[in-house]
Amino acid sequence: MQQKIYWIDNLRAVACLMVIVIHTTTWYITGPMAVTGLSWDVANLLNSASRVCVPLFFMISGYLFFGERSAQGRHLLRIVLCLLFYSAVALAYITWLTPISEGRSLLKLLQRPVFYHLWFFFAIIGIYLLSPLIQVKSVAPRYVAILVIVLAVLANPNTVSQSLGPFHWLPVNLYVSGDSIYYLLYALLGRAIGCMQTDKRSISWLAGLGFVACVIGIALGTKQMLKINGAFNDTWYLYCGPLVFIAAISLLILFKNTLNQRALPGLATLSRYSLPIYGFHALFIHFLRTHHYDDMSRPWLDLPWVMGVTLIGSLLLAMGLQRVDKRHLVS
């Protein structure tokens, strides 16, 4: 079990870093008229490679809580307290450091998060509530492959529509709709794949190549949509999209097979503080971007600067919070 914990720690840390990459590069991606050419392409590639971050968090939760062990009341309480605490922090930031209306944020508190990144806490509550009802059985790899092909690709409402003349053949309508069912599917597959015997070199190579191929597909698809629409389109970026789905599975298998001996020093630290880092990071990025402490005209300096300040600042706040929060209720 310790070996499995190691790869989970490493994967959680990398997913945490990917969240920062996504929210840092999004300012380039959604403004193609301001940042064009090679800069846009690099930001697009980095963002595409990081789209698996949120799916990985769901898969990790599924691995931990969809087996013999299920989420308990204390786990659910912790998520609710995190939602309340980081919403309060975000609300304080909005009130003191932005022109955004805090009143509107409060009125919509139960419909959408106070700050955009906090939506994850809403989504994971459902996974935790279902946890005591679910214990994933051991299944054959062939079954998982068929499940992914059918539900994540052929019947995925996020799959790009395909027609042959007047005949519409993709996606197939199996009445699978809504992101929540895909978040649940991520959690189910996290447990199912996490318990499989996948430690073969050929499988690792296949997973690595699959991840790279999906990232290239996401990046090229996003650029193509930009050319067609004349503006950014998130069709290929969606967390529940087919290529993101396959990329997340591929990366989970790769980490499980190759990083299961020990938690790497830097990643071990990030994994330990990943929750508060997630809670704080978006505020740093927003502050740097909106108060002009960045320089998007020089992306090769701007991206490392914003990512570095965000990571270090969030990590320092996380360490300080854990000193105060001895029971780790929100850290």
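Helices and strands are here DSSP runs, helices of at least four residues and strands of at least two, numbered from the N terminus. The model is predicted. In this numbering, histidine 117 sits in the loop between helix H5 (102-107) and helix H6 (119-130).

Histidine 117 has a relative accessibility of 0%, and since buried means under 20%, this residue counts as buried. Its side chain reaches the backbone oxygen of glycine 279 at 3.0 Å. Apart from neighbours within four places in sequence, histidine 117 is in contact with His23, Tyr278, Gly279, His281 and Ala282.

Helix H6 follows that loop. Its buried residues are Phe120, Phe121, Ile124, Ile125, Ile127 and Tyr128. The cover over these residues includes helix H3 (53-65), helix H4 (73-97), H8 and H12.

H4 is one of the helices covering H6. The 25 residues of H4 should span 36 Å at 1.5 Å a residue, and because the end C-alpha atoms are 36 Å apart, the expected and modelled spans agree. Buried in H4 are His75, Ile79, Cys82, Leu83, Tyr86, Ser87, Ala90, Leu91, Tyr93 and Ile94. These residues pack against H3, H5, H6, H12 and H13.

H8 (residues 179-194) can be checked in the same manner: its 16 residues should span 22 Å at 1.5 Å a residue, and its end C-alpha atoms are 22 Å apart, which agrees. The buried residues of H8 include Tyr182, Tyr183, Leu185, Tyr186 and Ala187. Further along, Leu189, Gly190, Arg191, Ala192, Ile193 and Gly194 are also among those buried in H8.

Arginine 191 brings in the charged pairs. Side chains of opposite charge can pair when their charged atoms come close. A search of the whole structure finds 6 salt bridges. In one of them, the side chains of arginine 191 and glutamate 68 meet at 2.9 Å, N to O. This pair links distant parts of the chain, with arginine 191 in helix H8 and glutamate 68 in the loop between H3 and H4, 123 residues apart. The two partners differ in exposure: arginine 191 is buried at 10% relative accessibility, whereas glutamate 68 is exposed, with a relative accessible area of 67%.

Another salt bridge joins the side chains of arginine 289 and aspartate 302, at 2.7 Å from N to O. Here too the pair links distant parts of the chain: arginine 289 is in helix H12 and aspartate 302 in helix H13, 13 residues apart. Both arginine 289 and aspartate 302 are buried. Salt bridges with shared partners join Arg289, Asp294 and Asp302 into one network.

A third example lies within a single helix. The side chains of aspartate 9 and arginine 12 meet in a salt bridge of 3.1 Å, N to O. Because they are 3 residues apart in helix H1, aspartate 9 and arginine 12 are separated by about one helical turn. An α-helix has 3.6 residues a turn, so residues three or four places apart point the same way. Arginine 12 counts as buried, at 18% relative accessibility.

Valine 14 is also found in helix H1 (residues 2-29). At 16% relative accessibility, valine 14 counts as buried. Leaving aside neighbours within four places in sequence, valine 14 is in contact with Phe255 and Leu267.

Some backbone geometry remains. Most residues other than glycine have a negative phi, and most peptide bonds are trans. Leucine 170 and proline 171 are joined by a cis peptide bond, with omega about 0°. Proline 171 lies in the loop between strand S2 (167-170) and H8. Valine 172 is found in that loop as well, and is partly exposed, with a relative accessible area of 39%. Together with Ile149, Leu154 and Leu174, Val172 makes a nonpolar surface patch of about 320 Å².

Two histidines have a positive phi. Histidine 292, with phi of about 60°, lies in the loop between helix H12 (274-290) and helix H13 (299-324). Histidine 292 is exposed, its relative accessible area being 66%. Histidine 328 has a phi near 55° and lies in the segment after H13. With a relative accessible area of 36%, histidine 328 is partly exposed.

Terms used:
Residues are numbered from 1 along each chain as its sequence is written. This is a predicted model: local features need pLDDT of at least 70, side-chain atom pairs count only at pLDDT 80 or more; totals for chains, interfaces and linings use all residues. Side-chain values use heavy atoms; hydrogens and water are left out. The expected span of a helix is 1.5 Å times one less than its number of residues. Buried means under 20% relative accessible area, exposed over 50%, partly exposed in between (1.4 Å probe, protein chains only). A polar contact is a pair of N or O atoms within 3.5 Å; within protein, one must be able to donate a hydrogen and the other to accept it, and residues adjacent in sequence count only if both atoms are side-chain atoms. Contact means heavy atoms within 4.5 Å. Patches are made of residues with over 30% relative accessible area and no salt bridge: like charges are joined within 9 Å, nonpolar side chains (Val, Leu, Ile, Met, Phe, Trp, Tyr) within 5 Å. Accessible areas come from the Shrake-Rupley method with a 1.4 Å probe; for residues, only the protein chains shown count as cover. A salt bridge is a side-chain nitrogen of Lys or Arg within 4 Å of a carboxyl oxygen of Asp or Glu.
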